[in-house]
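Biologist: Got a minute to walk me through this one? I'd like to hear about the build of the chain and its inside.

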Amino acid sequence: MPAHDSHLWRPYTQMKGAAPPLEAVRTHGSRIVLADGRELVDGIASWWTAVHGYNHPHIRAAVAAQLDAMPHVMFGGLTHAPAERLARRLAALAPGDLDHVFFTDSGSVAVEVALKMAVQLWLNRGVAGRSRILAFREGYHGDTLGAMSVCDPQEGMHRRFGAYLPAQLFCDLPRSRAQEAALEATLAGHAHELAAVIVEPLVQGAGGMRMHEPEVLATIARLARRHGLPLILDEIFTGFGRTGTMFACEQAQVVPDILCLSKALTGGTLALAATIATREVFAGFWSDDPAAALMHGPTFMANPLACAAAQASLDLFEREPRLGQARAIGDRLAEGLAPLRGRPNIRDVRVLGAIGVVQFGRSPDLAALKDRLVRRGTWVRPFGDILYLTPALSIGEADLDHLVASVRAEAWGA
């Protein structure tokens, strides 16, 4: 094997022949500063996390204060005020009676915990054989084993692992009467072996930024309830204002049984995730039997630094007009990207909240496209046949206009 000048194994990258990655040395606002002095306007908020922009002084001060007091302590047998306060705050913020918060350190693990909760809930009730999950085609829920099993089995990035993964059930999102009938039939035929239904509300993110109406989510929730199945909503991408409301499920007036959060939870500062369950789900684990306990516990669960960052991030949602900013970004994206509709190689242009997507008729040369965008001073990460923008909700008008102009120029010439 030929030598390589880096000891790093990079994500989603064929290392042989890969172009050297750009070296970032600083961040500020919505910008990434490179080692060679160039500044890039970040159009995807570091994989959708930095909703308040980079280096926000309020988050930085909260993390610094917590670092002085206690950077970390194990959560097994111990507790601490940052986690207690954050759990209370998330329970108050989440819709309905989502009152019990289990902290982890990544979105994939938040989904793993949700799946384990659903499966063990049936076991704790004395019901065997209900271990499969119904998920939706074109969805994405993470890179760990259980999360991969509920990603799209054919088109998703994990299709090569098919023989290794638990066998789940998949349906199309019920966008039509025929698809709704197919979902109903699948649920009716397999309810005896299903533990839960999982879906990304309003936007299937890493599966292609595919959007659906709130009515579609409401239909899924109604059918899951009809068949007595817990509903898991994966809001790792859509949570914390990205769609224009704090949580996407609010737009459908749907309260899940289990809610998965991560990404923007700490404002893009530190790794943290949360799986939030309703009182009814939690009651299924409240027992004199030790075997009924949820057997999961990441080493860095409820890390105090991350909890402090999350508290500060939630402060900013209260003090600064983030949801209004998300809607304003959506208006600007819709206006700026509209001229691309009808272009020869543009299949679709779609916008929801602070998400703007240009879908090509044929997949572009992604490496060349990214290189051209960098030369325009723009940092985005197109994939498949889409070029998308998910900027910080606090992005300045000039930087937002720069992003839109860069995407429009590249798409126009596609």
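Modeller: Happy to; we can go through domains, cores, a cavity and a few single residues.

Modeller: One caution to start: this is a predicted model, where local features need pLDDT of at least 70, side-chain atom pairs count only at pLDDT 80 or more, and totals for chains, interfaces and linings use all residues. Residues are numbered from 1 along each chain as its sequence is written, and side-chain values use heavy atoms, with hydrogens and water left out.

Biologist: Fine. Into which domains is the chain divided?

Modeller: There is domain 1 (24-55 + 321-413) and domain 2 (59-319), with bounds that come from an automatic or database domain assignment. Their centres, taken over C-alpha atoms, are separated by 27 Å. Domain 1 puts 27 residues into the contact and domain 2 puts in 27 residues, where contact means heavy atoms within 4.5 Å.

Biologist: And which residues touch the most other members of the largest nonpolar core?

Modeller: Leu90, Phe103 and Phe240, in a core of 112 residues. A nonpolar core here is a set of buried Ala, Val, Leu, Ile, Met, Phe, Trp, Tyr and Cys residues joined through side-chain atoms within 4.5 Å. Buried means under 20% relative accessible area, exposed over 50%, and partly exposed in between (1.4 Å probe, protein chains only).

Biologist: Which helix gives the most to that core?

Modeller: Helix α4 (residues 107-124), with 10 residues. Helices (H or I, at least four residues) and strands (E, at least two) are DSSP runs, numbered from the N terminus. Both domain 1 (24-55 + 321-413) and domain 2 (59-319) give residues to this core, so it lies between them.

Biologist: What does Leu90 touch?

Modeller: Not counting residues up to four places away in sequence, Leu90 touches Val101, Phe103, Phe240, Leu265, Ala274, Ile276 and Leu314.

Biologist: Switching topic: how many cavities of 30 Å³ or more turn up?

Modeller: A search of the whole structure finds 1, with a volume of about 30 Å³. On a 1 Å grid over the protein atoms alone, a cavity is a set of points where a 1.4 Å probe fits but cannot get out, and lining residues have an atom within 4 Å of a point. Points are joined across faces, edges and corners, and the volume is the space filled by probe spheres set on them.

Biologist: Which residues line it?

Modeller: Gly29, Ser30, Asp42, Ala45, Ala50, Gly53, Tyr54 and Ala392.

Biologist: Tell me about Ser30. Is it buried or exposed?

Modeller: Ser30 counts as buried because its relative accessibility is 7%. Ser30 sits in the loop between β1 (24-28) and β2 (31-34). Beyond four places in sequence, Ser30 touches Leu40, Val41, Asp42, Tyr54, Ala392, Ile395 and Asp399.

Biologist: What about Leu373, where is that?

Modeller: In helix α11 (residues 366-375). Leu373 is buried, with a relative accessible area of 1%. Setting aside neighbours within four places in sequence, Leu373 is in contact with Thr378, Val380, Leu387, Ser406 and Glu410.

Biologist: Last one: what is phi for Trp47?

Modeller: Near 55°, a positive value in a residue other than glycine. Most residues other than glycine have a negative phi. Trp47 is found in helix α1 (residues 45-48). Lys263 also has a positive phi, of about 45°, and its place is in the loop between β11 (258-261) and β12 (273-278).

Technical notes
1 Å grid on protein atoms, 1.4 Å probe; cavity = no way out; pocket = protein on both sides within 12 Å on 5 of 7 lines; lining within 4 Å.
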